[in-house]
Amino acid sequence: MDSGEKRLNELGYKQELRREMTLFKTLAISFSTMTLFTGITPLYGSSLLYAGPATLVWGWIVVTFFTWFVGVAMAEICSSFPTTGSLYFWAAHLAGPRWGPFASWCCAWLETIGLIAGIGTQAYAGSQTLQSIILLCTGTNKDGGYYAPRWLFLCMYIGLTVIWAVLNTFALEVIAFIDIISIWWQVIGGLVIVIMLPLVALTTQSASYVFTHFETASESTGISNVVYAAILSVLVSQYSLYGYDAAAHLTEETKGADKNGPIAILSSIGIISVFGWAYILALTFSIQDPSYLYDPTNETAGAFVPAQILYDAFHGRYNNATGAIILLFIIWGSFFFGGLSITTSAARVVYALSRDEGIPFSSIWRKVHPKRKVPSNAVWLCAVICILLGLPILKVNVVFTAITSICTIGWVGGYAVPIFARMVMAEKNFKPGPFYLGKVRRPVCLVAFLWICYTCSVFLLPTLYPITWDTFNYAPVALGVALGLIMVWWILDARRWFKGPVRNIDDIQNGKV
C-alpha cells in the first residue's frame, strides 16, 4: 500500500480518488497555481506607480523571506495530514476536539472563498491581457485599434471560466498533462521574456533607478504618505507568492504524498521566488519612459503597463508590435494555465467540504463521476459562483481590486488557522510525518502567522484616494457580509451538527480497510 494511502486510512478516510500523480505532476499543478506571470503582471503597473521601482524590486525579496516561513510550516503539516481537505482538515485535527469543528468551519470557508475568487482573478487578468493582444493586433490605441468594451470583456471572462470547468470535468490525467505543458510553458517562456526583453529594448534604465529610485505619485493615486505608498507597492509580491497549497489539495491523488506533498510546496516557492524577481527586473530595466506608461493616449490606452513596456521595446527596435504580441500571448497562456489549476484546487476543496457535509446540498457537490473519478459537480459550482463574481464588470471599475483582495484574504487567511493551531497545540498530540520541524516549529509558526495577519490587513486598505464609488475597495464589505453570514449560520445551526472532517472508514487495522 502507498504510504500516502496508508496515512489516509489511519486518518479515517478511504481511497476514493485515483492515486496516480507523480511528484513532477503535483509540482506542475502547484507551480501553475502560483504561476510566474499571473500575480506580477496585473498589479505591476499600480505597484510601480505607488512608490517607484525600488520598493517594488526589494519588496519581492522581503515578501519571499516571510513566505518561506509560511511554506515550511505548511509543509510540515502536509507531511502529517496528506488529505484532499488539506487546510480545513489540518485545522480540525490540530485544534483538538473542543475547538476543532469551529476551526475547521472557519478555515474551510475562508479557503473556499479564496480559491473561487482566485479563479476570478485569473479570468479577469487573462481577459485584460487578451484585450491588449486584440488592441495591438488591430492597430494600436493611436491607430484605430479595437479596444474591447465592457460587455466583450465580460464575455471573455465567462468564456475562460467555462473552458476551465469543461477541462476539469475530464479525467485528472488530462489536467496533469496540461499542467506539465504549463510548467515548461512558464519556465521556457519566462526565460525568453527575462532574457529577450532587456536585449531588445533600445535603452535600459540604470541600476540606480531600478534599485534605489523611490517616488510617490500622489497626483494619480491621492496617496502622499511614503509609508502607506510603500505598503501598497508591495501588494504585488504578496498577491503573487501564495497558491503553493495546491499540492496539498492533490495529496489523495499523489503517490507518496506524505513526502512528495511537502517537496512540491517548497519547490514551488523556490522556483517562483527566483523567476518572479527576474521577471520584475526585466520589466523594470526595460522601461523606456516611466511617465508615458500611464498616459491614456499611449498605444495600449494606459490600461496595461506591462503591455506598453513590451510594445515600446519591440516597436522601438523593429518598428512593429509582433514581438510584443508574441510575448503577451506567452503571458496570456500563463493566466490560462493558472486558472485551470486553481479551478482544480477549488473543486477539490468544495468536494472535501461537501464530503463532510459542510455546504448546503452537500449530497450533490460531493458526487464523483463514476468513470472519470473527478468531482465534476463541485467544478461547475465553482465556475458558476466565479461568473457571478464577475458580473459587476459591466458597471464597476474596481472589480479586479476587490476580487484580488477577496482572493488573497480568503486564501492566505485560510493558512493562518492550521498554522496557529499547530503553534499552540501540545507536541505530544502531533504525529509527525517525514518532514518534521521539531523544536523550531513554534518560532516558525509564529512568524508565519503574524505575516499572514499583516498580509490580510493590508489588502483591506483603500488603494486610491479620494474614496468614491469608482475607487472604493469593496472587499471589506463583501467579505464582512459573507463571513458574517457564515458565522451566523454557525451560531444558529451549524455548530450543532458540523463536527469537521467525517471519517468514511469504520474499521481500520494495520492501514487496511
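Hi everyone. Before we start, one definition: a residue is partly exposed when its relative accessible area lies between the 20% that bounds buried and the 50% that bounds exposed. Keep in mind that this is a predicted model.

Let's apply that to helix α4. Phe 65 has a relative accessible area of 48%, so Phe 65 is partly exposed. Phe 69 comes out at 23%, and so is partly exposed. These two sit four residues apart in α4, which means about one helical turn separates them. Their ring centres are 5.3 Å apart with the planes at 70°, so we call the pair edge-to-face.

By our pairing rule there are 32 aromatic pairs. Here is one that is tilted: Trp 58 with Phe 211, at 5.7 Å centre to centre and 50° between the planes. Trp 58 belongs to α4 and Phe 211 to helix α9, so this pair links distant parts of the chain, 153 residues apart. Trp 58 is partly exposed at 42%, and Phe 211 is partly exposed at 24%.

Ring pairs also build a cluster, with Trp 105, Trp 109 and Trp 489 among its members.

Now, helix packing. How do α7 and α18 cross? Their axes come within 9 Å, at roughly 170°, and therefore α7 is roughly antiparallel to α18. The contact includes Leu 154, Tyr 157 and Ile 158 of α7, and Val 379 and Trp 380 of α18. Its residues divide into 12 nonpolar, five polar and no charged.

Last stop: α19, residues 399-424, reaches 38 Å from first C-alpha to last, close to the expected 38 Å. Is α19 mostly covered or mostly open? Mostly covered, with 23 of its 26 residues buried. Thanks, all!

Note on methods: Residues numbered from 1 in each chain as written. Predicted model: local features only at pLDDT ≥ 70, side-chain atom pairs only at ≥ 80, totals over all residues. Heavy atoms only, no water. Expected span 1.5 Å × (residues − 1). Buried < 20%, exposed > 50% of the residue type's maximum accessible area, 1.4 Å probe, protein only. Axes fitted to C-alpha atoms, helices over the stretch in contact; angles between N-to-C directions. Parallel < 35°, antiparallel > 145°, perpendicular 65-115°, else oblique. Contact = heavy atoms within 4.5 Å. Nonpolar A, V, L, I, M, F, W, Y, C, P; charged D, E, K, R; others polar. Phe/Tyr/Trp six-rings, centres within 6.5 Å; stacked < 30°, edge-to-face > 60°.
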